[in-house]
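Biologist: Could you walk me through how to read the features of a structure, giving the general idea before each case?

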Amino acid sequence: MISFVIYKFVVCVIVFGLSLAVAAYSTWWERKLSALLQDRIGPNRAGPFGLLQPLADGGKMFFKEEIIPNVSNKFLFILGPSLFMLTALMTGSVIPWGKSFTTEAGNTYSFQITDISIGVLYLFGVVSIGVYGIMIGGWASNNKFALLGAIRASSQMISYEIAMGISVIALIVTSGGTLSLSEIVEQQDAGFANIVWQPLGFLIFFICALAETNRAPFDLPECESELVGGYHTEYSSMKLGLFLFAEYINMFISSAIMAAFYFGGYNFPWAHELYQTLGLHDGSVWISIIGFGAFFTKICIFISVFMWVRWTLPRFRYDQLMHLGWKILLPLSLLNLAITVVVEYFRGNIHL
Amino acid sequence: MQLTNRSKVVSDKVQTGMEKMYLPAILKGMMITASHIFKRRPTIKYPEHTRKMSAVYRGLHVLKRDEKGAERCTACGLCAVACPAEAITMESAERKKGEESLYREEKYARVYEINMLRCIFCGLCEEACPKEAIFLTDRIVDTEYEREDFIYGKDKLVEKIDKPIDVSKRQTLAVTEFKKIPGLKHNAVWEGNRLDRKSN
């Protein structure tokens, strides 16, 4: 029992540290990739290839002057970024990072903080709480621009959550009605990855994920040309840092969710053949680690695609954003759900 | 009436279904940005590498000395007249006995100032100078905190005796040949020519 608690504690710390590290290096990679796409060199002064840049940025954030506006609600002003960061970190807890392994004593450990049976529901719940962080922060600033940014963020996240949710319902229908993330990933071990059955669903999910994480081309909440800085206009120092950092953590987690839902998570083609040639038996810790490597590679690719999209596309106009969300993605996701249900019914997987 | 063939006919055709989807266009755009990953970067990593300077770069001025270390400038004021930015001012003085090693001729510039904020580095002063006294060099004017500090006096402009500044690249053959033409009045006092004229 004690070993179980210690193990879970260690996994928590690792996931927490991993989220922070990946978010930090996402900022570096964002700058590096944008430079690559624009014929520049990017950060190259702090350490080799500028690899110490995140440390320098973080240090800079901490040492900046911290300004809390006099007319703001101080409690809510501090609560906003804290809540945003908290929810961003909480989402990582249900993601299965690798296959579970068995020790010689016969104990099974999973590469997951907690495998709750309603993982998908938990994920959506936490993500929708995330909008409170932005909303509270923007409102507490007592600044018109911040409020406008916050309103944009909340309306955008609510609009796109619907299409996202429906596309995930279609996914759940194909994977036999389970809401547990580890089961969804495990099912893709035997057959194909879900992208084969749900290409349209993945496309909708991907577009919604861009909107959910406030990434370009849906970064209207922090649209500099119209709203100064959007919801974080009044923020400075590490509170601003938390907002920016949480955005990258959200990006990391949504990449992880996409990889787990649609691209098989820690599974990869010819995994079993590879394990056989390496002479690894089921339950070996090395299988878990190799699987985690595959999962992490997929996540990195998704993060890069997020950035690639950002540095290619210009920002949407607000009415275009709403038009896309309500009039295109929502009907499309409903259509996708209907088709999925009909197909699954005729395959005999759904019983009325 | 059509004047040229360069005008383009504007159409307001309705988007086709493919175009309305935007996805093909987005993919095309992403391919364009991705292709830039493999392009050559024009950046010069400055402190380690510097841009190659032209051999005839026009930077900070120098007031030359002659072979014996005496100042060439005679404060004739031609550079100040030629200067389009009116950046040059000078005061002349008469050479005293015993100062022959300092100043080449009887008249010299007691004060010679160039305002580096006014100067446009066109090089006309250099062209106007009959004494080959002023040259633009490949040195760059330093940054300063005060405007006054940009007014360079003789202390900064005149080359140090022990550290002569090479201006051979800016002494083009055409100019040196031109300045040797004996018939031109301003060349009459040029040292090399003086002997020629006497012998004539």
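**Reading helices, a loop and a contact**

Biologist: What phi does the glycine that follows helix 5 of chain A take?

Modeller: Helices are DSSP runs of H or I, at least four residues long, numbered from the N terminus, and helix 5 of chain A is followed by A:Gly176, whose phi is positive, near 80°. This is a predicted model in which local features need pLDDT of at least 70 and side-chain atom pairs count only at pLDDT 80 or more, while totals for chains, interfaces and linings use all residues. Residues are numbered from 1 along each chain as its sequence is written, and chains are lettered from A in the order in which they are written.

Biologist: How does the span of helix 5 of chain A agree with its number of residues?

Modeller: The expected span is 1.5 Å times one less than the number of residues; the 31 residues of helix 5 (residues 144-174) of chain A should therefore span 45 Å, and the end C-alpha atoms are 45 Å apart, which agrees.

Biologist: Is A:Pro69 buried or exposed?

Modeller: A residue is buried if 20 or more other C-beta atoms, placed from the backbone, lie within 10 Å of its own, exposed if 12 or fewer, and partly exposed in between. A:Pro69 has 17 such neighbours inside 10 Å, so this residue counts as partly exposed. A:Pro69 lies in the loop between helix 2 (53-63) and helix 3 (74-90) of chain A.

Biologist: Where does helix 10 of chain A lie?

Modeller: Of its eight residues (271-278), the number buried is zero, so helix 10 of chain A lies largely in the open; just after this helix, A:Gly279 takes a positive phi of about 75°.

Methods. Helix = DSSP H or I, 4+ residues; strand = E, 2+ residues; numbered from the N terminus.
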